[in-house]
Amino acid sequence: MTTGRTEKDRASSSLQPFPTGHVHAMRELHRIVASSAELDVLLKAILDKWIEVLEPAQAATLLLYRAGAERLTVGCAVGYEADALRQLSLRVGESMAGQAFHTGQAALYATPQQVATALADLSPHNRACLQRAMPSFSQPHSAVCVPLICAETKIGILVVENWRGDAQFSSAHLELAQALADLTAVALERGRLAQEVKQARAAVGQTNGLQGYIISALSHEMRTPLATIKGYATALLLDEITWDAQTQAEYLNVIVEESDRLSDIIADLLESSMIDAGLMYIERQPTRLDRLAQEVVEDVSRRPHQHRFLLHFPPDLPIIDADPSRLRRVLLNLVDNAVKYSPNGGLVVIRAEVSGDECVVSVADQGQGIAPEHLNRLFDRFFRVKFAAGQHVAGSGLGLPIARNIVEAHGGRIWAVSKLGEGSTFYFTLPLGGPSREAAAEE
């Protein structure tokens, strides 16, 4: 045990009796530790009880160890000017508290001289904090410092001080403080765990709230095409009305379009679920990007719209080792977005070029563009850009996040460049290394 006193002083002081009522106080401390109070309320009650038990005490501070910074900072204090003391930050080994924490043993500083010696290495900043926290006094008259250890890990230190009066701490107080320290360490750890559980529950609550929002939003998105399909199919089946061939074709086209829309939402949900579950596997094989892009354009072109498509792929574009079905999904999502967010038609340009050891693919539209503050959120799940009041763009909000996951799984990058009123361009890269590139190099 480290102490600022001589063996003779300790022998004489050890004859002093424990403070009156300490047994009852320890029972009270047990009751406080067993309570379900919030951590800050719990620590305040514990410090109040320490001051009551250790009769000369007039102030108490609980310092918590911050492992990354190797510092002791104030977790709770009683008897001080709180705002001033919160600025205190002790190095391990600094001052009374830092020294006791470093050794892991309780320490008694029974006289002003012993306290002054222990405070000699206090930094100017910390000394000023201490003086602001107790402005009427220059330093404590006596003090007890007790490390708080739980499961052989030092988590903090408790300092009890006497600032005025003739009474001083003795070795009897030190022994009692050590007994109280074990209870305090248990309370601190229990309170910390309870706080973590509370935060975890709050996170679960937020997740449940997000899931509720997702279910609500996607239910709406799925009900809309279903209602449209049912409405037009029901109209075609009416016995009392004979539809001409052109009207029948228009109605059937709407049914096909809405069926594709519903299929896309379901596919996005399934793909996103596989990504979340870690079940998305990339099966690389030699892939021609120009053919994939042509297939995507042919697929999208079957839908009624006013857009034109231009593909620009250089004839010497190398074959990519990639998962063709996954890359087709990326291109389909980007082209589909280009069509959705340029409702007045226009040109959609899909191009690719080699840049260093990467292939850069882009999809550009002539739509409304995206505000700068939205660009960094485009690849967040369920985020969709909002435009003029009343304008709703259908979709799951999962297309771009899925595209990002697929591109990154291939070792590439994806981003967007846009300006309001001038359209948007989405880029993604794919690495060129692999068996196909090596085979081409050999040829």
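**Entry 1: Val 296**

I started with Val 296 and asked whether this residue is buried or exposed. With a relative accessibility of 1%, Val 296 falls under the 20% cut-off, so I noted it as buried. I should say here that I am working from a predicted model. Val 296 sits in helix H10. Next I looked up which residues Val 296 touches once its neighbours within four places in sequence are set aside. My list reads Arg 328, Leu 331, Leu 332 and Val 335. For one of these, Leu 332, I also took the spacing from Val 296: 36 residues in sequence, and 5.7 Å in space from C-alpha to C-alpha. A reminder to myself on helices: residues three or four places apart point the same way, because an α-helix has 3.6 residues a turn.

**Entry 2: Asn 333**

I moved on to Asn 333, which belongs to helix H11. Its relative accessible area is 8%, so Asn 333 is buried too, being under 20%. What does Asn 333 touch, not counting residues up to four places away in sequence? I found Asp 268, Gly 399, Ile 402 and Ala 403. That led me to H13, where I looked for buried residues and wrote down Gly 399, Leu 400, Pro 401, Ile 402, Ala 403, Ile 406 and Val 407. Gly 411 follows H13, and its phi is positive, near 90 degrees.

**Entry 3: the nonpolar cores**

I then turned to the largest nonpolar core, which has 42 residues. Leu 289, Cys 359, Phe 426 and Phe 428 have the most contacts inside it. Helices H10 (289-301), H11 (324-340) and H13 (399-409) are among the elements that each supply at least two residues of this core, and the strands include E10 (346-355), E11 (358-364) and E13 (424-431). Which element gives the most to this core? It is H11, with 8 residues.

I followed up Leu 289 as well. Beyond its neighbours within four places in sequence, Leu 289 is in contact with Phe 313, Leu 317, Ile 320, Leu 327, Cys 359, Val 361 and Leu 430. Another core, of 32 residues, lies apart from the one above, and Val 53, Val 78, Ala 110 and Phe 169 are among its members.

**Entry 4: the cavity**

How many cavities of 30 Å³ or more does a search of the whole structure find? I got 1, and the volume of the largest cavity is about 170 Å³. It is lined by 16 residues, and those closest to its centre are Leu 88, Leu 90, Leu 130, Val 159 and Glu 161. I sorted the lining by class and got 12 nonpolar, 3 polar and 1 charged residues. Strands E1 (59-66) and E6 (153-162) and helices H5 (95-103) and H7 (124-133) each bring at least two residues to the lining. The largest share comes from H5, with 3 residues.

**Entry 5: cysteines and the whole chain**

I checked for disulfides and found 0 in the structure. Two cysteines went into my notes anyway: Cys 145 is buried, because its relative accessible area is 0%, and Cys 76 counts as buried at 11%.

Last, the overall tally. The protein chain has 14 helices and 13 strands. Of its 443 residues, 44% are buried. Among contacts in the chain with a separation of 6 or more, 70% join residues 24 or more positions apart.

Definitions and conventions. Residues numbered from 1 in each chain as written. Predicted model: local features only at pLDDT ≥ 70, side-chain atom pairs only at ≥ 80, totals over all residues. Heavy atoms only, no water. Disulfide = S-S within 2.5 Å. Buried < 20%, exposed > 50% of the residue type's maximum accessible area, 1.4 Å probe, protein only. 1 Å grid on protein atoms, 1.4 Å probe; cavity = no way out; pocket = protein on both sides within 12 Å on 5 of 7 lines; lining within 4 Å. Points joined across faces, edges and corners; volume = space filled by probe spheres on them. Helix = DSSP H or I, 4+ residues; strand = E, 2+ residues; numbered from the N terminus. Nonpolar A, V, L, I, M, F, W, Y, C, P; charged D, E, K, R; others polar. Core = buried A, V, L, I, M, F, W, Y, C linked by side-chain atoms within 4.5 Å. Contact = heavy atoms within 4.5 Å.
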